[in-house]
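This report walks through a structure of two protein chains, taking the architecture of each chain and then the contacts between them. The sequence and the structure are shown here for reference.

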Amino acid sequence: MHKRAPAWLGKWLVSGPPLLYLVVFFAVPSLIMVLASFRTPGEFGGLAPLVDESGAVDLTLDSYTRLLSEPLYAEIFVKSFWYALVTTVVCLVLAYPLATLIAKSERRHRDLLLLLVILPFWSNFLIRVYAWMIILGPNAALARAVNGVLALFGHEPVPLLFSAFAVLVCLVYVHLPFMVLPLYANLEKHDQSLLDAAQDLGASAWQRFWRITFPLSLPGVYAGSALVFIPAFGIFAIPDILGGPDDSLIGNVIKQQFLETRDWPFGSVLSLVLTVLALALAGLAAWIGQRGVGRLASGDA
Amino acid sequence: MRKRSAWLWTAALLAYAFLYLPLVIVVVYSFNDSRLNAEWVGFTLDWYRKLFANEEMLLAAGNSLLIGLVASGVSTVLGTMAGIAMYRYRLRALPILVLTPIAIPEILMGVALLIFFVMLNFTLGLVSVALAHIAFCIGFVAIVVRARMAGMDESLVEAARDCGATPLQAFVHVTLPLIMPGVIAGALMAFTLSIDDFVITFFTAGAGTVTLPLQIYSMIKIAVTPEVNAVSTLLMLLTLMLIVIASKVSPSLLRSD
């Protein structure tokens, strides 16, 4: 045996630089944000000095009590939750047949069908939002058709753009691939013989889906839901571009606190609450998913 | 069985139409001889001509390219190291630090870095944007490289070491060539993510610095013009090219298994 450098040296040479980078540019900024949430906003935005002239340390719960005392912010969190939930459910409904088709198609077609789902995701995010400005625009065919039909019933014309509808359609559009991929990855592994057996025993197509395919696909459903829900919950660009005045979501309020009102402590509080809620919901989805799998595996099905 | 697949095909076709129609409309209207994005009038290349005469846009494109190259270069090196380390060593902190930036809503990283840079009196601009992009690209490169490591036969490295190769030699002559497709795919991915990023750039760029997505944002906030369609079409073309290259280098990148 020849002499080898100690194992820990290699380990730290390889993992040290990325670890250091992410500590400096991710962990430290995140901790600073936690600290900022306990500070007082500065006179001209930003933060007031940590130690003031009299030597008192400026740490306060003011921004947290503000969040709890002004119902407006809780309402915006709830509204963001609903937008994200509707987005998740619609994505699931659209993604399920698509993922099923890809999983059931012949192997040589699968890569192409899958690529076609991923491709739009790789085009610029803003372009995909902008595309809906064109489609839903007041002069475009869709708005004219919808309002033409509404006029037949004597209804006032409705704007499609700058509305909750526009925000939701685009949220679904942008996040759909995140639902299709985990669903496909799950459905692809299903054992066809289970379904054949159920059919032999007289189960209808609906029963086979509802009693076998769907329960088995739950891990994929939960993974996809987490991948859609979390970014949708914190979105700011889509309501900013396609939404009306009533469609401000929590992401927009955070942006406003940092760039317009310049109340960093309160902005930090909102950001932290968003992070905790998003990660808690993702954790919950993962936990339910694992429990579901455990139950199915231990079941006598 | 036949009826069922006909139903599936219809639903799937609708879903594909939903995914592609918006992008097709942007491309088609970029050649439309009308200011309004409402109906087809006639073919023109005017919007592309206007685009290449728009100095602000060219400056923004130059900035995006520069940031993309720097960010993808640095994040590929760091992300490759992270991917290897995540596969070989048991380190609890590393996967958490690598994957959390990807898992949380983008806006959080944007505002956290904004506070960080401003508190350090670090001038917001090209450098702060590049530093931020590196931070979120590392995770994507690491995931691709880690997957590639999992498909590699580690005994080859052991064999090289037994034959007297130093750890560095074993890495350069055995590990690196084997994971190279993953590294290149990761680099292309990082470049695309950096060129496309809007949210984190929005918070870390400061007032004076413009990238392509920021320029597109300010244009569509004012008015929808076919010039935006033209720049969008070119960006889509660039992305498509990068994906084709990435899939040639690392076919498994586009597969889910």
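A residue is called buried if 20 or more other C-beta atoms lie within 10 Å of its own, exposed if 12 or fewer do, and partly exposed in between. By that rule A:R262, with 14 other C-beta atoms within 10 Å, is partly exposed. The model described here is predicted, and the values below are computed from it.

A:R262 sits in the loop between α11 and α12 (264–298) of chain A, and its phi is near 55°, a positive value in a residue other than glycine. Most residues other than glycine have a negative phi. A:F162 also has a phi near 55°, again positive in a residue other than glycine, and this residue belongs to the loop between α6 (141–152) and α7 (164–187) of chain A. With 19 C-beta neighbours inside 10 Å, A:F162 counts as partly exposed.

The helix that precedes the loop of A:R262 is α11. Of the 10 residues of helix α11 (residues 250–259) of chain A, eight are buried, so this helix is largely enclosed by the rest of the structure. The buried residues of α11(A) are A:I250, A:G251, A:N252, A:V253, A:I254, A:K255, A:Q257 and A:F258.

Another buried position in chain A is A:L114, which has 24 other C-beta atoms within 10 Å and lies in helix α4 (residues 107–122). Between the C-alpha atoms of A:L114 and A:I288, which are 174 residues apart along the chain, the separation is 27 Å.

The two chains can be set side by side as follows.

| Property | Chain A | Chain B |
|---|---|---|
| Helices and strands | chain A: 12 helices, zero strands | chain B: 11 helices, zero strands |
| Buried residues | chain A: 41% of 301 residues | chain B: 47% of 257 residues |
| Contacts (separation of 6 or more) between residues 24 or more positions apart | chain A: 70% | chain B: 78% |
| C-alpha extent along the principal axes | chain A: about 90 × 85 × 35 Å | chain B: roughly 70 × 65 × 30 Å |

From the N terminus on, the elements of chain A run α-α-α-α-α-α-α-α-α-α-α-α. The radius of gyration of chain A is 25 Å, well over the 19 Å that the globule rule gives for 301 residues, so chain A is more spread out than a compact globule.

Within chain B, one helix pair can be described in detail. Two packed helices are described by the angle between their axes and the distance between the axes. The axes of helix α3 (residues 55–88) and helix α6 (residues 126–150) of chain B come within 5 Å and cross at roughly 40°, which makes α3(B) oblique to α6(B). The crossing of α3(B) and α6(B) is right-handed, and the residues of this contact comprise 21 nonpolar, eight polar and one charged.

How many residues of each chain are in contact with the other? In the predicted model, 72 residues of chain A are in contact with 68 residues of chain B. On the side of chain A that touches chain B, helix α1 (residues 7–36) of chain A gives the most, with 19 residues. That side of chain A consists of 54 nonpolar, 15 polar and three charged residues.

Methods
Residues are numbered from 1 along each chain as its sequence is written. Chains are lettered from A and ligands numbered from 1 in the order in which they are written. This is a predicted model: local features need pLDDT of at least 70, side-chain atom pairs count only at pLDDT 80 or more; totals for chains, interfaces and linings use all residues. Two residues are in contact if their C-beta atoms, placed from the backbone, lie within 7 Å. Helices (H or I, at least four residues) and strands (E, at least two) are DSSP runs, numbered from the N terminus. Ala, Val, Leu, Ile, Met, Phe, Trp, Tyr, Cys and Pro count as nonpolar, Asp, Glu, Lys and Arg as charged, and the others, Gly among them, as polar. The radius of gyration is taken over C-alpha atoms; the globule rule is 2.2 Å times the number of residues to the power 0.38. Axes are lines fitted to C-alpha atoms, for helices over the stretch in contact, and angles run from 0 to 180 degrees between N-to-C directions. Angles under 35 degrees count as roughly parallel, over 145 as roughly antiparallel, 65 to 115 as roughly perpendicular and the rest as oblique. A crossing is left-handed if the near helix is turned anticlockwise from the far one by less than a right angle, and right-handed if clockwise.
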